[in-house]
Amino acid sequence: MARHGQPSRAFDAASVRAEFPILSDPGLHYLDNAAIAQIPTVVLDAMGLFDRELRANVHGGVYRLACGALAAYESARAAVARFIHAQSPAEVVFTYGTTSAINLLAHSFGALLQEGDEVLISQLEHHSNLLPWRQLAERRGVVLRTLPMTQDGRLDLDRLEETLRPRCRLVALTHCSNVTGALTDVDRVVAAARAVGAKVMLDGAQRLPHGAIDVQALGIDFYVFSGHKCYGPTGIGVLWGKAELLATMPPFMTGGQMIRRVTAEAVDYADPPRRLEAGTPPIGPAIGLGAALEWMARLDWDGAQRHERRLTQRVLARLAELPGVRVVGPLDLCERIGVVSFDIAGIDPTEVCRALDRRHGVALRAGYHCAQPLVAAFGLTGVARASLAPYSTDADVDALLEGLDALASERCRLVTSSGAAPAS
Ligand code: PMP
């Protein structure tokens, strides 16, 4: 985090946790951070600031309140740019979330593609990074190729060369899977994409909540993420794009605030990012996201990542010992983050989550996690998922493991009393 200087203090999960009002409930073991992370007080305050003290539209007003709102909105854009090491705030387009950022890209960058051009995604993608490209393929005759995953739920990069053809114009991959927790080897992807002249987009929805990135050092062209997974509000997200690429992209949505001049005959669109932000933007949420990323920039992420890895290891180690439990994702901690999905043979994952909530106060999520092709490739229709954050504690993991132990022994009793051999 070079441009942010040193974090203000060494990492300590308990004091980080104390900054999150909702986590003061000792009966709540919140392990659904991949769906939505909690919000610290400083971000709650920043979110309230717009409505309490600065509420004015950000475009066109010359009175003091409007200037204050615009300054806060643009300083949030600058905070995003600093956190991801963009070359300039003008490269940061505010959207409503990851989904709307990818749809924007698929329409706007997609409009530059020709029939027969290719887009490469993978079997690991969230539906948000699958369906917009599938629609583009139907709309414009673009060919959609899919990089398969390995048996343990990582991108199968050994198959990259064969899937990445000369007509590929964009490689759009997850930076980190929301189901398997697998991290993408970006250097390898970028090198292969460059060899055929393709651009690279990473879906950072799951990776950015675990620490700052440097989009320039990564060598990518586009990055997308959501505010609510980064300790900020809902209804806000980001499309970062290299300035020279954004400059070539036609608008996706048209309307107010995104033109230089409109006449009866013609329209001259504004430069990015405004060209890509039609209408009144989500001003309060953008200000909240800026505050959330500033909060993140002050955290000791080396310490936080060590802490998350240790807790992840505890979860993985216990799951490996429980009969009938299968982890869907890599076991090597260098290849994953603390998003741990698993199946308990013979128990519906939704029932696992209900039991853990009612008896142990553990909040987990079950289902296909908006990644049906991925979950189906494991021969399943759903999995239970525990996902960690820097404020997760050993007490959260203890509650999860106690709950899982109890479920595993109940399952053994049921299987044994029914006379069937327990599946392992
Ligand atoms: N991509 C990934 C990897 C995700 O985890 C999610 C959210 N679960 C999304 C995209 C979609 O994000 P949003 O719903 O905020 O648009």
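Both Tyr73 and Phe94 are buried, which makes this aromatic pair a handy way into the model, a predicted one. Tyr73 sits in helix H3 (residues 64-84) and Phe94 in strand E2 (residues 92-95), with their positions 21 residues apart in the chain. Their ring centres are 5.3 Å apart and the planes meet at 45°, so the pair is tilted rather than stacked or edge-to-face.

From Phe94, the trail leads along E2 into a sheet. This is an open sheet of seven strands with mixed pairing, and the order runs E2-E8-E7-E6-E5-E3-E4. E2 and strand E4 (143-147) each have a single partner strand, so they stand at the edges and one side of each is left without a neighbour in the sheet. Going from one strand to the next, the average turn is 20°, direction ignored. As for how strands hold on to each other, strands of a sheet pair through backbone hydrogen bonds, either parallel or antiparallel. E2 and E8 run antiparallel and are joined by four bridges; along this pairing, Val93 stands opposite Leu239 in E8. Elsewhere on the sheet, helix H7 (residues 186-195) lies across strand E5 (168-174) and strand E6 (199-203), at about 150° to E6.

The loop between strand E7 (222-226) and strand E8 (237-241) is where Gly235 is found. Is Gly235 buried, partly exposed or exposed? Its relative accessibility is 31%, so Gly235 counts as partly exposed, falling between the 20% and 50% cut-offs. Setting aside neighbours within four places in sequence, Gly235 is in contact with Thr95, Tyr96, Pro282 and Pro285. Gly235 also lies 10.0 Å from Ile283, C-alpha to C-alpha, with the two residues 48 apart in sequence.

Next, the nonpolar interior. The largest nonpolar core has 81 residues, and those with the most contacts inside it are Ile84, Val171, Ile220 and Phe225. Helix H10 (residues 283-297) supplies the largest share of this core, ten residues. Which domains feed into this core? At least three residues come from each of domain 1 (13-30 + 300-418) and domain 2 (43-297). A second, separate core holds 27 residues, among them Val325, Ala355, Ala386 and Ala408. Back in the largest core, Val171 gives a feel for the packing: leaving out residues up to four places away in sequence, Val171 touches Leu120, Leu164, Val189, Ala193, Ala198, Lys199, Val200 and Met201.

The protein is divided into domain 1 (13-30 + 300-418) and domain 2 (43-297). Taken over C-alpha atoms, the domain centres are 29 Å apart. On the contact between them, domain 1 puts in 32 residues and domain 2 puts in 27 residues.

Domain 1 includes residues 300-418, and an open sheet can be traced with strand E11 (325-328) and strand E14 (365-367) as its edge strands, each pairing on one side only. This sheet has four strands in the order E11-E12-E15-E14, with antiparallel pairing. Its neighbouring strands are turned by 30° against each other on average, direction ignored. E11 and strand E12 (residues 339-344) run antiparallel, with four bridges joining them. Arg326 has Asp343 in E12 as its bridge partner. Helix H11 (residues 301-321) lies across E11 and E12, at about 15° to E12.

Back to the aromatics: the count comes to eight aromatic pairs. In one of these, the ring centres of Phe20 and Trp295 are 5.4 Å apart and the planes stand at 85°, so the pair is edge-to-face. The pair links distant parts of the chain, 275 residues apart: Phe20 is in the loop between helix H1 (13-17) and strand E1 (29-30), while Trp295 is in helix H10. Phe20 is buried, because its relative accessible area is 1%; Trp295 is buried as well, with a value of 3%. Phe20 and Trp295 also belong to a wider group, since they form one aromatic cluster with Tyr231 and Tyr391.

Notes. Residues are numbered from 1 along each chain as its sequence is written. This is a predicted model: local features need pLDDT of at least 70, side-chain atom pairs count only at pLDDT 80 or more; totals for chains, interfaces and linings use all residues. Side-chain values use heavy atoms; hydrogens and water are left out. Two strands pair if DSSP finds at least two bridges between them. Helices (H or I, at least four residues) and strands (E, at least two) are DSSP runs, numbered from the N terminus. Axes are lines fitted to C-alpha atoms, for helices over the stretch in contact, and angles run from 0 to 180 degrees between N-to-C directions. Contact means heavy atoms within 4.5 Å. A nonpolar core is a set of buried Ala, Val, Leu, Ile, Met, Phe, Trp, Tyr and Cys residues joined through side-chain atoms within 4.5 Å. Buried means under 20% relative accessible area, exposed over 50%, partly exposed in between (1.4 Å probe, protein chains only). Domain bounds come from an automatic or database domain assignment. Rings of Phe, Tyr and Trp (its six-membered ring) pair if their centres lie within 6.5 Å; planes under 30 degrees apart count as stacked, over 60 as edge-to-face and the rest as tilted.
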